[in-house]
Amino acid sequence: MKLELKPNCLLTKRPLKLVSGPKSIFFYQKPWGDLPEVLYEHGYRASLMQLPFNNKELRQKAFTHRLSELDNTHIIIDEKTYQEFSEALKNVNNSTINIIGETFKPNYKTSSLAYSLHRRWLNFLGFTATEPQNLFINADKNIWYAFIDHCVKLAELDFLSE
């Protein structure tokens, strides 16, 4: 996504770690879409924690096994994935948890046939899919800039907590 870069003299001391939600054959694009690239272009260290996508038990095991990767980070997670892993997240040290849909609320509505089929498939598998706007699907520039402003606040938090 081509956005005009916003000047930012504060960068987070802790990297941003995006946790992926479940995928399906109907919604198999990159988790979080262009968000990791947009954050990188704005100077943030951002990485993705990809997990097995359609098996609850495998997702829990993989998440628990990789939990230490989330220490000392700013965790970015959608609200349904947060609910899935909320107990394990209590064991993360020195991190903030940013729940897209609660901590940061994208203020737009979007839909697509592929995402509707994805939601139905996940429901069949026993998952609850997040709202498509909580994954920045079809987000406009104002939403992207609002999230970058949210990341600036995370950076300020890092410096104030010293």
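These points cover the cores, aromatic pairs, salt bridges and one surface patch of a predicted model.

1. The largest nonpolar core has 26 residues, and those touching the most other members are Trp 32, Leu 35, Leu 39, Ile 100, Phe 136 and Phe 147. At least two residues each come from S1, helix H1 (35-41), H4 and H5. The biggest contribution is that of H5, with 6 residues.

2. There is also a second, separate core of 14 residues, whose members include Phe 63, Ile 77, Leu 89 and Ile 99. As background, nonpolar side chains in soluble globular proteins tend to be buried together.

3. Ile 100, listed above among the residues of the largest core, deserves a check of its neighbours. Leaving aside residues up to four places away in sequence, Ile 100 touches Trp 32, Ile 76, Ile 77, Asp 78, Glu 79, Pro 106, Asn 134, Phe 136 and Phe 147. The list thus includes Asp 78, Glu 79 and Asn 134 as well as Trp 32 and the two phenylalanines.

4. The structure holds 8 aromatic pairs. In one of them, Trp 121 with Phe 124, the ring centres are 5.4 Å apart and the planes stand at 35 degrees, so the pair is tilted. Both residues lie in helix H4, 3 residues apart, or about one turn of the helix. Trp 121 counts as partly exposed because its relative accessibility is 32%, while Phe 124 is exposed at 65%.

5. Phe 136 and Phe 147 make an edge-to-face pair, with 5.2 Å from centre to centre and 70 degrees between the planes. This pair links distant parts of the chain, since Phe 136 is in the loop between H4 and H5 and Phe 147 in helix H5, 11 residues apart. Both rings belong to buried residues: Phe 136 has a relative accessible area of 4%, and Phe 147 one of 1%. The two also belong to one aromatic cluster with Trp 32, Phe 104 and Trp 144.

6. A search of the whole structure gives 7 salt bridges. One of them joins Arg 14 to Asp 158, with the closest N and O atoms 2.7 Å apart. Arg 14 is in the segment before strand S1 (16-19) and Asp 158 in helix H5 (residues 141-160), so the bridge ties together parts 144 residues apart in sequence. Both partners are buried, Arg 14 at 11% relative accessibility and Asp 158 at 4%.

7. Glu 69 and Lys 17 meet in a salt bridge of 3.3 Å, N to O. Glu 69 sits in the loop between helix H2 (56-65) and strand S3 (74-78), and Lys 17 in strand S1, 52 residues apart. Glu 69 is partly exposed at 32%, whereas Lys 17 is buried at 11%. Together with Arg 66, these residues are linked in a network of salt bridges.

8. Arg 59 and Glu 84 form a salt bridge in which the closest N and O atoms are 2.8 Å apart. Glu 84 lies in helix H3 (residues 79-89) and Arg 59 in helix H2, so parts 25 residues apart in sequence are tied together. Arg 59 is buried, its relative accessible area being 0%.

9. On the surface, Ile 25, Phe 26, Leu 113, Leu 117, Trp 121 and Phe 124 make a nonpolar patch of about 670 Å². Leu 113 lies in helix H4 (residues 113-125) and counts as exposed because its relative accessibility is 66%. The tilted pair of Trp 121 and Phe 124 is thus also part of this patch.

Conventions: Residues numbered from 1 in each chain as written. Predicted model: local features only at pLDDT ≥ 70, side-chain atom pairs only at ≥ 80, totals over all residues. Heavy atoms only, no water. Patch = residues over 30% accessible without salt bridge, like charges linked within 9 Å, V, L, I, M, F, W, Y side chains within 5 Å. Areas by Shrake-Rupley, 256 points an atom, 1.4 Å probe, with all protein chains shown as cover. Salt bridge = Lys/Arg side-chain N within 4 Å of Asp/Glu carboxyl O. Helix = DSSP H or I, 4+ residues; strand = E, 2+ residues; numbered from the N terminus. Buried < 20%, exposed > 50% of the residue type's maximum accessible area, 1.4 Å probe, protein only. Core = buried A, V, L, I, M, F, W, Y, C linked by side-chain atoms within 4.5 Å. Contact = heavy atoms within 4.5 Å. Phe/Tyr/Trp six-rings, centres within 6.5 Å; stacked < 30°, edge-to-face > 60°.
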